[in-house]
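Good morning, and thank you for coming. I should like to walk through one structure with you, taking its helix packing, its cysteines and a few individual residues in turn.

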Amino acid sequence: MRDTLRQVTTDPDRAGWQGEAIPAGLLDVVRAHYRDDISLESAYALFWYLRNRFYFEFSLAPNKQVCVFRYEDLVTRPAEAFAQMFAFCGCPFGPQLTNRVFASSIGRHEAPEIDPPIATLCEDLGREF
């Protein structure tokens, strides 16, 4: 992931799909937070921010082909949340499809240490959703 972010920040045109269609202002934000010694956890968080920021950068909220689902909802209310997801996709749903979904995945591990400025970016974006 660090190599991917390095490529995205230095030459996004050669970074494959990871560097595609990044608005200049968003690329500036990523460049401001990336450094060569970034931790792997912070690199993943920064990439999460980059890709999920697209939802707002490309005004996807009014697009009827896009729907946001929260992981926490999927695992704490699986029958309801997955029923909504399947309905959105136009697929048949049966509650048995969620038999192996458990809320115990939330908080199972200690949260990784992420550079505070990157953590703030991610937290702010999470609130926007």
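**Cysteines, helices and selected residues**

I begin with the cysteines: C67 is partly exposed, having a relative accessible area of 38%. Please bear in mind throughout that the model is predicted.

C122 makes a contrast, as this cysteine is buried, with a relative accessible area of 15%. How many disulfides does a search of the whole structure find? The number is zero. Why does C67 form no such bond? The closest cysteine sulfur to that of C67 belongs to C89 and lies 8.4 Å away, which is too far for a bond. For reference, a disulfide requires the two sulfur atoms to be within 2.5 Å.

I turn next to the packing of two helices. Helix α2 covers residues 24–33 and helix α3 covers residues 40–57. Their axes come within 11 Å of each other and cross at roughly 160°. How should we describe the relative direction of α2 and α3? An angle over 145 degrees counts as roughly antiparallel, and α2 and α3 are therefore roughly antiparallel to each other. As for handedness, α2 passes α3 in a right-handed crossing.

Which residues make up this contact? On the α2 side they are L26, V29, V30 and H33. On the α3 side they are L46, Y49, L50, R53, F54 and E57. By class, the residues of the contact of α2 with α3 comprise seven nonpolar, one polar and two charged.

V30 appears again when we look at helix α1, residues 2–10, in which T9 is placed. Leaving aside residues up to four places away in sequence, T9 touches L27, V30, R31 and Y34. Is T9 buried or exposed? With a relative accessibility of 10%, T9 counts as buried; the cut-off for that class is under 20%.

Two residues deserve attention for their backbone angles. A21 is found in the loop between α1 and α2. Its phi is near 60°, a positive value in a residue other than glycine. A21 is also exposed, with a relative accessible area of 54%. S59 likewise is not a glycine, and has a positive phi of about 50°. This serine lies in the loop between α3 and α4, the latter being residues 71–76. At 49% relative accessibility, S59 counts as partly exposed, since exposed residues are those over 50%.

Finally, I consider two pairs of residues separated along the chain. A119 is found in helix α6, which spans residues 116–128. A119 is buried, with a relative accessible area of 16%. Where does S42 stand with respect to A119? The two residues are 77 residues apart along the chain, and their C-alpha atoms are separated by 7.9 Å.

The second pair involves R100, in the loop between α5, residues 78–89, and α6. What separates the C-alpha atom of R100 from that of V75? The distance is 9.7 Å, with the two residues 25 apart along the chain. R100 counts as exposed, at 77% relative accessibility.

To recapitulate, α2 and α3 are roughly antiparallel, and zero disulfides are found in the whole structure. Thank you for your attention.

Terms used. Residues numbered from 1 in each chain as written. Predicted model: local features only at pLDDT ≥ 70, side-chain atom pairs only at ≥ 80, totals over all residues. Heavy atoms only, no water. Axes fitted to C-alpha atoms, helices over the stretch in contact; angles between N-to-C directions. Helix = DSSP H or I, 4+ residues; strand = E, 2+ residues; numbered from the N terminus. Parallel < 35°, antiparallel > 145°, perpendicular 65-115°, else oblique. Left-handed = near helix turned anticlockwise from the far one by under 90°. Contact = heavy atoms within 4.5 Å. Nonpolar A, V, L, I, M, F, W, Y, C, P; charged D, E, K, R; others polar. Buried < 20%, exposed > 50% of the residue type's maximum accessible area, 1.4 Å probe, protein only.
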